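The following exercises train the reading of a protein structure. Please examine the sequence and the structure before attempting each task.

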Amino acid sequence: MSITILGVDLPEQADAVVFVNGIKARNVQGLLYMWRNLQILRTSPMQVDGCMDMKAGIVGPNEFVIVSYWQSPEALKAYFMSEVHRKMMKYFYQHPDSIELYNETYHPTSAGKYTSEHGMAKVYPLVALR
């Protein structure tokens with residue numbers, strides 16, 4: 001079986017955004033909130049136009065990380081304004097000692113390597129690498 005290694009054909013000025021979002025429970029109340037809402041937290045980005053893919057991972061019993069891939073900064077901003085995101089943020093602001101949040105955004109500057117469509121490969125065309 002041969003595996004074809006693919007790369008992403010990035011434009012010179014890529015609009016796509018990678019959003020890394022982490023949630024960590026600080027106490028029992030935060031832990032209960034996180035696990036009760038895990039499915040919503042894990043799937044809500046895909047409910048907004050412009051989210052091309054996402055990967056969620058459990059880091060430990062009190063922390064998980066979501067990596068999502070967006071067509072543009074505007075699409076990511078639309079997620080921030082969505083009802084589901086606003087509900088989550090309302091809880092976080094009302095219970096600041098329960099949940100710790102962190103996030104980072106990246107614009108791709110070079111393609112990764114793929115064997116099928118994942119992440120940026122759902123935003124930009126795939127090309128065979130040598």
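The exercises below concern a predicted model, and each task is followed by a worked solution.

**Exercise 1. The overall fold**

Determine how many helices and strands the chain has, and state the pattern in which they follow one another along the sequence.

Solution. Step 1: the chain contains four helices and six strands. Step 2: read along the sequence, these elements give the pattern β-β-α-α-β-β-α-α-β-β. Step 3: the C-alpha atoms fill a box of roughly 50 × 35 × 20 Å along the principal axes. Step 4: of the 130 residues, 39% count as buried. Step 5: among contacts between residues at least 6 apart in sequence, 74% join residues at least 24 apart.

**Exercise 2. The nonpolar cores**

Identify the residues with the most contacts inside the largest nonpolar core, and find which element gives the most to this core.

Solution. Step 1: the largest nonpolar core has 21 residues, and those with the most contacts inside it are Ile-23, Tyr-33, Phe-64, Trp-70, Met-88, Phe-92 and Ile-99. Step 2: several elements supply at least two residues each, including β2 (17-25), α1 (28-36), β4 (63-70) and α4 (83-94). Step 3: α4 gives the most, with four residues. Step 4: a second, separate core has ten residues, among them Leu-6, Val-8, Ala-16 and Ala-121. As a general background, nonpolar side chains in soluble globular proteins tend to be buried together.

**Exercise 3. Two packed helices**

Decide whether α1 and α4 are roughly parallel or roughly antiparallel.

Solution. Step 1: two packed helices are described by the angle between their axes and the distance between the axes. Step 2: for α1 and α4 the angle is about 170°, and the axes are 12 Å apart. Step 3: angles over 145 degrees count as roughly antiparallel, so α1 is roughly antiparallel to α4. Step 4: at the contact, Gln-29, Gly-30 and Tyr-33 in α1 meet Met-88, Tyr-91 and Phe-92 in α4. Step 5: by class, this contact has four nonpolar, two polar and no charged residues.

**Exercise 4. Aromatic pairs**

Classify the ring pair of Tyr-33 with Phe-92 and the ring pair of Trp-70 with Tyr-79.

Solution. Step 1: the structure holds six aromatic pairs. Step 2: Tyr-33 and Phe-92 lie 5.7 Å apart, centre to centre, with 80° between the planes, and this pair is edge-to-face. Step 3: this pair links distant parts of the chain, as Tyr-33 in helix α1 and Phe-92 in helix α4 are 59 residues apart. Both residues are buried. Step 4: for Trp-70 and Tyr-79 the centres are 5.6 Å apart and the planes differ by 35°, and this pair is tilted. Step 5: ring pairs link Phe-19, Trp-70, Tyr-79 and Phe-80 into a cluster.

**Exercise 5. Buried or exposed?**

Assign Trp-70, Tyr-79, His-85 and Leu-32 to the classes buried, partly exposed or exposed.

Solution. Step 1: buried means under 20% relative accessible area, and exposed means over 50%. Step 2: Trp-70 has a relative accessible area of 0% and is therefore buried. Step 3: Tyr-79, at 4%, is likewise buried. Step 4: His-85, found in helix α4, has a value of 13% and so is buried; among residues over four places away in sequence, His-85 touches Tyr-79 and Phe-80. Step 5: Leu-32, found in helix α1, has a value of 41% and is therefore partly exposed.

Note on methods. Residues are numbered from 1 along each chain as its sequence is written. This is a predicted model: local features need pLDDT of at least 70, side-chain atom pairs count only at pLDDT 80 or more; totals for chains, interfaces and linings use all residues. Side-chain values use heavy atoms; hydrogens and water are left out. A nonpolar core is a set of buried Ala, Val, Leu, Ile, Met, Phe, Trp, Tyr and Cys residues joined through side-chain atoms within 4.5 Å. Buried means under 20% relative accessible area, exposed over 50%, partly exposed in between (1.4 Å probe, protein chains only). Contact means heavy atoms within 4.5 Å. Axes are lines fitted to C-alpha atoms, for helices over the stretch in contact, and angles run from 0 to 180 degrees between N-to-C directions. Angles under 35 degrees count as roughly parallel, over 145 as roughly antiparallel, 65 to 115 as roughly perpendicular and the rest as oblique. Ala, Val, Leu, Ile, Met, Phe, Trp, Tyr, Cys and Pro count as nonpolar, Asp, Glu, Lys and Arg as charged, and the others, Gly among them, as polar. Rings of Phe, Tyr and Trp (its six-membered ring) pair if their centres lie within 6.5 Å; planes under 30 degrees apart count as stacked, over 60 as edge-to-face and the rest as tilted.
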